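Please work through the exercises below with the sequence and the structure open beside you. Each one sets a task and then gives a solution in steps.

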Amino acid sequence: MPSAQVEQEPSGRERPAHAPSDHPSVPASKVGVVLANLGTPDATDYWSMRRYLNEFLSDKRVVDYPSWKWQPLLQLVILSRRPFKSGEAYRSIWNTQQDESPLLTITREQTRKLAQALEARHGDRVRVDFCMRYGNPSTQSVLHRLQAEGCERILFFPLYPQYASPTTATANDQAFRALMKLKWQPAIRTVPAYFEHPAYLEALVSSVREAYAAADTPPEVLVASYHGVPKRFLLEGDPYHCQCQKTTRLLRERLGWPEGAIQTAFQSQFGPEEWVGPQTVDHVAELARQGTKHIAVVSPAFASDCVETLEEINEEIRDSFLAAGGERFTYVPCLNDRDDHIAALLAIAENELGGWL
């Protein structure tokens, strides 16, 4: 439990226990919860996209080639071209009303709802915030602010149901880098993969059922599309591919569907080496060529809709299916700020906060 404090002031500050009467007050002891998502550019222009992509693609967890080999290619070739294409993709899904990416909008709303739920149970002892691994708000700025506000214990919650080195691990890495710059570090816990958590699975099941109920005719096949990783990562011990396959199986079992009714595929491949497969964009086209007329696609690895779902799946992958002869395409939105998703995040957070609240 937090250390004993006395004489709490209306401002939320207090004088430490056993301190002399002239000791300055300090922020009241609190527990912080930080939701961590992948990131977002600040805008869609070339330089904003270049800054964001440079940070992302320079991360050794994402591209682990030797710097002497990778950085010249990245700086001189990739970042001279890719910001234009990526900016176009972001503009197609940009939240123009708030002038930000949907990922930022959704993550902020998830944070607000989780904060309300935790406050209802634990009062003002808990602070909930969010950060991005790449872009803003940065991990360092959020963790330093929470520490300054009196959070002596912080639960760091990467919003990735399945663990992967380029997602969960790099988010945790950045949190620990931020702690390295603090004279007085808060205690910190990290949330592990939660793809097997019953509340997460039930929210996923409900989202699929609702999408199918809203369709005029039920899709013939549900494709569970996960972000891809190089096959080498699997062979080197990263559990992501196995956890994705298990997520699909658990989802199918809870839906009560027969084998084959849900198929696993992987999207967003880049670079020359072999990646885990099949690739979603090719797999849906093959389904259409085999005579499948109506498919649905769900993204169990994404907690929030983003460019990979709203643009890549609902535009590029949709177009691939229809161009190959498919007739109807149903996209199942990510869990986003659904009430059952927030309830799942709450259950996971409270379990990991055991002994702190």
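The exercises that follow concern a predicted model, and each solution takes up one set of residues or strands.

**Exercise 1. Strand S4 and its partners**

Task: Determine which strands are joined to S4, how many bridges join each of them, and whether S4 is buried or exposed.

Solution:
- Step 1. Strand S4 covers residues 30-40, and 7 bridges join it to strand S6 (residues 151-158), with the two strands running parallel. Within this pairing, Lys30 has Cys151 of S6 as its bridge partner.
- Step 2. Strand S5 (residues 126-135) is also joined to S4, by 9 bridges and again in a parallel arrangement. Here Val31 is the residue that stands opposite Val126 of S5.
- Step 3. Residues count as buried when their relative accessible area is under 20%. By that criterion 11 of the 11 residues of S4 are buried, so the strand is largely enclosed by the rest of the structure.
- Step 4. For S5 the count is 9 buried residues of 10, so S5, too, is largely enclosed by the rest of the structure.

**Exercise 2. The surroundings of His294 and Thr292**

Task: Locate His294 and Thr292, decide whether each is buried or exposed, and list what each contacts.

Solution:
- Step 1. His294 belongs to strand S10 (residues 294-298), and Thr292 is placed in the loop between helix H9 (280-289) and S10.
- Step 2. His294 counts as buried because its relative accessibility is 4%, and Thr292 is likewise buried, at 10%.
- Step 3. With neighbours within four places in sequence set aside, the contacts of His294 include Ala215, Pro218, Pro219, Arg328, Phe329 and Thr330. Thr217 is another of its contacts, and the backbone oxygen of Thr217 lies 3.3 Å from a polar atom of the His294 side chain.
- Step 4. On the same basis, Thr292 is in contact with Glu220, Val221, Leu287, Phe321 and Gly326. Glu220, Val221 and Phe321 are also among the contacts of His294.

**Exercise 3. Backbone geometry in the loops**

Task: Find where peptide bonds are cis and which residues other than glycine have a positive phi.

Solution:
- Step 1. As a starting point, most residues other than glycine have a negative phi, and most peptide bonds are trans.
- Step 2. A cis peptide bond joins Asn136 to Pro137, with omega at about -5°, and Pro137 sits in the loop between S5 and helix H4 (139-148).
- Step 3. The bond from Gly277 to Pro278 is cis as well, with omega near 5°, and Pro278 is part of the loop between strand S9 (262-267) and H9.
- Step 4. Ser268 lies in the loop between S9 and H9 and has a positive phi of about 65°; at 16% relative accessibility it counts as buried.
- Step 5. Asn336 has a positive phi near 50°, lies in the loop between strand S11 (328-331) and helix H11 (339-352), and is buried with a relative accessible area of 11%.

**Exercise 4. Salt bridges**

Task: State how many salt bridges the structure holds, and describe the partners of Asp64, Arg108 and Lys246.

Solution:
- Step 1. The total is 21 salt bridges. Side chains of opposite charge can pair when their charged atoms come close.
- Step 2. Asp64 and Arg232 meet through their side chains at 2.9 Å, N to O. This pair links distant parts of the chain, 168 residues apart, with Asp64 in the loop between helix H1 (46-57) and H2 and Arg232 in helix H7 (residues 231-235).
- Step 3. Asp64 is partly exposed at 33% relative accessible area, and Arg232 is partly exposed at 24%.
- Step 4. Arg108 pairs with Glu100, the closest N and O atoms being 2.8 Å apart. Arg108 is partly exposed at 34%, whereas Glu100 is buried at 8%.
- Step 5. Lys246 and Glu196 form a salt bridge of 2.5 Å, N to O. Their positions are 50 residues apart, Lys246 in helix H8 (residues 240-255) and Glu196 in the loop between strand S7 (187-190) and helix H6 (198-214).
- Step 6. Lys246 is partly exposed at 29%, as is Glu196 at 41%. Finally, salt bridges with shared partners join Asp64, Arg232, Glu236 and Glu273 into one network.

Definitions and conventions:
Residues are numbered from 1 along each chain as its sequence is written. This is a predicted model: local features need pLDDT of at least 70, side-chain atom pairs count only at pLDDT 80 or more; totals for chains, interfaces and linings use all residues. Side-chain values use heavy atoms; hydrogens and water are left out. Helices (H or I, at least four residues) and strands (E, at least two) are DSSP runs, numbered from the N terminus. Buried means under 20% relative accessible area, exposed over 50%, partly exposed in between (1.4 Å probe, protein chains only). A polar contact is a pair of N or O atoms within 3.5 Å; within protein, one must be able to donate a hydrogen and the other to accept it, and residues adjacent in sequence count only if both atoms are side-chain atoms. Contact means heavy atoms within 4.5 Å. Two strands pair if DSSP finds at least two bridges between them. A salt bridge is a side-chain nitrogen of Lys or Arg within 4 Å of a carboxyl oxygen of Asp or Glu.
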